[in-house]
Amino acid sequence: MSDSAFPASPTSPPGGEPVIGKLVVVGLGLIGGSLAAGLKLRGACRETIGVVRRAETGRKALELGVVDRVSASLEELAPELGEGDVVFIAVPTLSVESVLQTLHDCVADTVTVTDGASVKGSVQRAVEKVYGAMPPQFVLGHPIAGSERSGVTAANPDLYEQHRVILTPLPETGVEHRERVRNIWQAVGAEVLEMSVAEHDQVLGATSHLPHAIAYSLVDTLAEDIGNPNIFRYAAGGFRDFTRIASSDPVMWHDIMKANRGAVLDSLDLFIDNLTRLRGAIDREDGEYLLGVFTRAKAARDHFTNILAKRAFVPAMTTAKIDYLLQPGGQVTGTIRVPGDKSISHRSIMLGSLAEGVTEVEGFLEGEDALATLQAFRDMGVVIEGPSEGRVKIHGVGLQGLKAPKKPLYIGNSGTTIRLMSGILAGQAFDSEISGDVSLAKRPMDRVANPLREMGAVVDTAEGGRPPLKIKGGQPLKGIDYHLPMASAQVKSCVLLAGLYAEGTTRVTEPAPTRDHTERMLTGFGYSVSRDGAVAELTGGGKLTGTKIEVPADISSATFYMVAASIAPGSDLTLTHVGINPTRIGVINILQAMGADLTLSNERTVGGEPVADIRVRYAPLKGIHIPEDQVPLAIDEFPALFIAAACAEGKTVLTGAGELRVKESDRIQAMADGLHTLGIDAQPTEDGIVIVGGPMGGGEVETHHDHRIAMSFAIAALRASQPIRVKDATNVATSFPTFVELAKQTGISLEVIDR
Ligand code: S3P
């Protein structure tokens with residue numbers, strides 16, 4: 001048996017190199033005791049010493065192995081402390097000042113001092129009061145790892161594993177002290193962040209101090225003000241979940257409220273305001289208002305749950321990055337349905353929001369891109385219920401009913417959202433701004449800004465015509481006759497959507513057919529769109545009426561499995577309910593021309609879109625020259641098709657596909673680089689690529705934040721001879737949230753690894 005009551009942490013075995021000399025913890029409660037125990041267990045300091053007021057606490061701390069020794073006073077220890085040692089002040093916030101006095105009087109200025117108080121402004125003021133100015137040895141900090149439990153018996157050496165610690169260094173803070181404090185927190189498994197004192201207190205005032213004030217107040221209301229003595233007997237999960245933190249240490253929280261008075265009052269006022277409005281809505285029986293608050297809150301809370309679960313998501317979206325590790329070989333079999341079509345899902349939210357009445361959507365893609373569109377419309381005041389198992393209910397506000405968003409719209413990785421929405425925003429009475437992630441920030445937006453300007457819109461882009469887009473409200477638009485310079489459904493749709501707000505007729509002519517979901521769906525919402533060959537036209541000033549939409553499975557997502565089954569000997573896979581809109585079936589035509597064995601059955605039309613089940617059996621493929629008229633019809637499918645080409649016999653040549661260079665990544669270059677890594681002869685050209693099929697090795701491939709590059713190399717492993725590591729597959733969640741699940745289900749050996 002070890003001398004500690006704590007078992008060794010599975011992630012950080014004991015016996016590591018010490019990162020500091022002695023650690024002195026003043027206040028051996030949950031926070032202080034856990035840091036001491038964590039460093040001790042991991043061998044990360046030479047000695048841990050607790051300063052305790054009560055002998056009983058010291059006895060327990062020693063018994064539990066929280067520290068190596070205890071002392072009754074800091075004065076007593078001071079002479080033995082010097083450079084490399086750290087004092088951690090972990091007493092309640094308002095007691096910090098008395099500890100500082102002792103520190104000032106007897107601890108050398110070479111000793112590093114840090115703290116764990118929940119409010120940083122009050123500690124800063126206290127240090128400045130006692131010392132006259134902030135000495136370099138002080139590094140104020142706050143571990144975000146509290147719990148309602150307190151005292152030395154709650155100390156836990158693994159408490160800080162995967163928790164965050166915020167440091168609030170000041171200009172005066174010494175670099176070596178700052179590094180030392182960083183090191184101790186990292187040694188116990190914490191992630192260290194830095195922010196200013198003011199920002200810390202504002203953020204924590206809202207996310208920690210306010211909820212504690214509310215939880216205490218709610219329980220007190222029930223206990224004191226509601227005259228039923230049996231009330232807690234009937235309280236269940238809701239009460240338990242909401243009020244757990246009302247069991248926290250009252251003295252500590254009394255201190256925090258006083259120490260962070262200003263910031264707590266600011267958030268409390270906002271909350272009281274919101275609660276008063278909610279009260280009014282309940283009183284008026286205003287269902288729309290209630291649904292608005294509840295659906296927005298649910299979305300925000302679910303987002304938080306995703307962050308906790310280390311899943312990817314939206315605003316400042318993706319926090320936890322993942323890689324895929326694939327074992328070579330295998331085959332795919334079974335019957336699967338891939339998630340809903342991304343293009344149609346986006347449009348269902350946009351048109352549903354602009355319609356009058358309710359729109360119900362089924363089969364909605366719950367991927368980050370479509371969710372970003374959904375959130376953007378919520379931010380503009382549209383009440384949207386769901387998504388829940390692909391069902392979404394949109395309470396349309398009419399073409400003139402959107403409200404100004406309170407902050408810039410953030411739409412992550414989604415090019416479709418920014419391009420289509422810019423058309424809608426150009427017609428609004430309010431100003432707006434849309435931005436996205438690093439990959440989106442590189443994509444060209446002049447292609448939408450230019451025609452919108454011709455219509456009378458005022459649109460600003462960042463340098464080089466990139467996002468963010470700033471769109472001025474209240475500009476009268478007029479219809480134009482626009483000849484698209486490139487085959488792009490996004491640009492076509494943007495112009496048509498702006499046309500809904502324009503005076504007169506808007507006509508768009510495309511150089512080659514592109515996906516026509518906008519035209520079809522507008523018609524489904526009762527808006528008249530006339531189409532004649534390459535021309536689509538509509539007249540502004542009409543209205544959209546809420547409807548029902550069934551979203552077919554996305555042929556672009558199905559593509560990865562069509563190629564997987566085509567290249568892996570022994571495969572036999574059926575994909576059900578796949579959208580086979582004629583403007584999207586380039587991939588079927590190309591694969592069939594290469595010799596793939598695809599059969600379509602059960603062809604039918606759902607909600608204006610044709611669908612079918614597609615059975616794919618392995619068949620040897622041969623290289624072809626891809627007909628240029630198929631390029632716009634398969635524009636998103638080329639990364640996967642390049643894998644098919646790498647597995648085919650002979651040469652595959654693609655031309656006329658320069659658009660691939662401005663997708664979520666430069667897909668020609670990204671695929672060529674990855675294929676080279678696997679040992680394939682792939683020569684990029686300006687507007688395409690030449691790939692010679694051959695044996696594939698393995699290795700590490702970069703995705704450049706592009707979901708389709710990641711999925712393409714995942715399926716390539718079926719024909720590789722060595723494992724493939726797909727570096728940064730995080731963005732797969734933008735379009736295909738169930739990719740990993742379906743890969744495993746069908747027989748692909750895929751492991752997800754945290755980066
Ligand atoms: C889309 C159009 C295509 C496609 C994108 C979705 C759409 O983009 O690549 O994934 O939903 O309209 P372009 O219009 O830029 O070709």
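Where is the place of Ile411, and between which strand and which helix does the loop run? I looked this up in what is a predicted model, and I found Ile411 in the loop between strand S15 (409–410) and helix H14 (415–426).

**Entry on Ile411.** I then asked whether Ile411 is buried or exposed. With a relative accessible area of 0%, Ile411 is buried, because buried means under 20% relative accessible area. I also noted that the C-alpha atom of Ile411 is separated by 7.2 Å from that of Ala376, although the two residues are 35 residues apart along the chain.

**Entry on helix H20.** I went through this helix residue by residue and noted that H20 is mostly covered, ten of its ten residues being buried. Among them are Phe638, Leu641, Phe642 and Ile643, together with Cys647. What do the buried residues of H20 pack against? I wrote down helix H18 (555–567), helix H19 (586–593), helix H21 (667–677) and helix H22 (707–716), and with these helices strand S29 (651–654) and strand S31 (688–692).

**Entry on the loop before H20.** Going back along the chain, I found Glu628 in the loop between strand S28 (609–617) and helix H20 (638–647). Glu628 is partly exposed, with a relative accessible area of 46%, and I noted that Glu628 forms a negative surface patch with Asp629, Glu686 and Asp687.

**Entry on a positive patch.** I looked for charge of the other sign and found a positive surface patch formed by Arg277, Arg296, Lys403, Lys406 and Lys407. Of these residues I followed Arg296, which is found in helix H11 (residues 287–308) and is partly exposed, with a relative accessible area of 37%.

**Entry on salt bridges.** How many salt bridges does the structure hold? I recorded 43 salt bridges, and I followed a few of them in turn.

I took up the pair of Asp286 and Arg284, whose side chains meet in a salt bridge at 2.9 Å, N to O. Asp286 is partly exposed at a relative accessible area of 22%, whereas Arg284 counts as exposed at 52% relative accessibility.

I turned next to Arg443, which forms a salt bridge with Glu664, the closest N and O atoms being 3.7 Å apart. Arg443 lies in the loop between strand S16 (432–435) and helix H15 (446–454), and Glu664 in the loop between S29 and H21, so the pair ties together parts that are 221 residues apart in sequence. Are these two partners buried or exposed? I found that Arg443 is buried, with a relative accessible area of 4%, and that Glu664 counts as buried at 9% relative accessibility.

I then looked at Glu702 and Lys727, whose side chains meet in a salt bridge at 3.4 Å, N to O. This pair links distant parts of the chain, with Glu702 in strand S32 (residues 699–702) and Lys727 in strand S33 (residues 724–727), 25 residues apart. Glu702 counts as partly exposed, at 43% relative accessibility.

Which residues are joined into one network by salt bridges that share partners? I listed Arg443, Arg515, Asp636, Glu664, Arg667 and Asp706, and I noted that the pair of Arg443 and Glu664, which I had followed above, belongs to this network.

Methods
Residues are numbered from 1 along each chain as its sequence is written. This is a predicted model: local features need pLDDT of at least 70, side-chain atom pairs count only at pLDDT 80 or more; totals for chains, interfaces and linings use all residues. Side-chain values use heavy atoms; hydrogens and water are left out. Patches are made of residues with over 30% relative accessible area and no salt bridge: like charges are joined within 9 Å, nonpolar side chains (Val, Leu, Ile, Met, Phe, Trp, Tyr) within 5 Å. Accessible areas come from the Shrake-Rupley method with a 1.4 Å probe; for residues, only the protein chains shown count as cover. A salt bridge is a side-chain nitrogen of Lys or Arg within 4 Å of a carboxyl oxygen of Asp or Glu. Lys and Arg count as positive and Asp and Glu as negative; His and the chain ends are not counted. The place of a charge is taken as NZ of Lys, CZ of Arg, CG of Asp or CD of Glu. Helices (H or I, at least four residues) and strands (E, at least two) are DSSP runs, numbered from the N terminus. Buried means under 20% relative accessible area, exposed over 50%, partly exposed in between (1.4 Å probe, protein chains only). Contact means heavy atoms within 4.5 Å.
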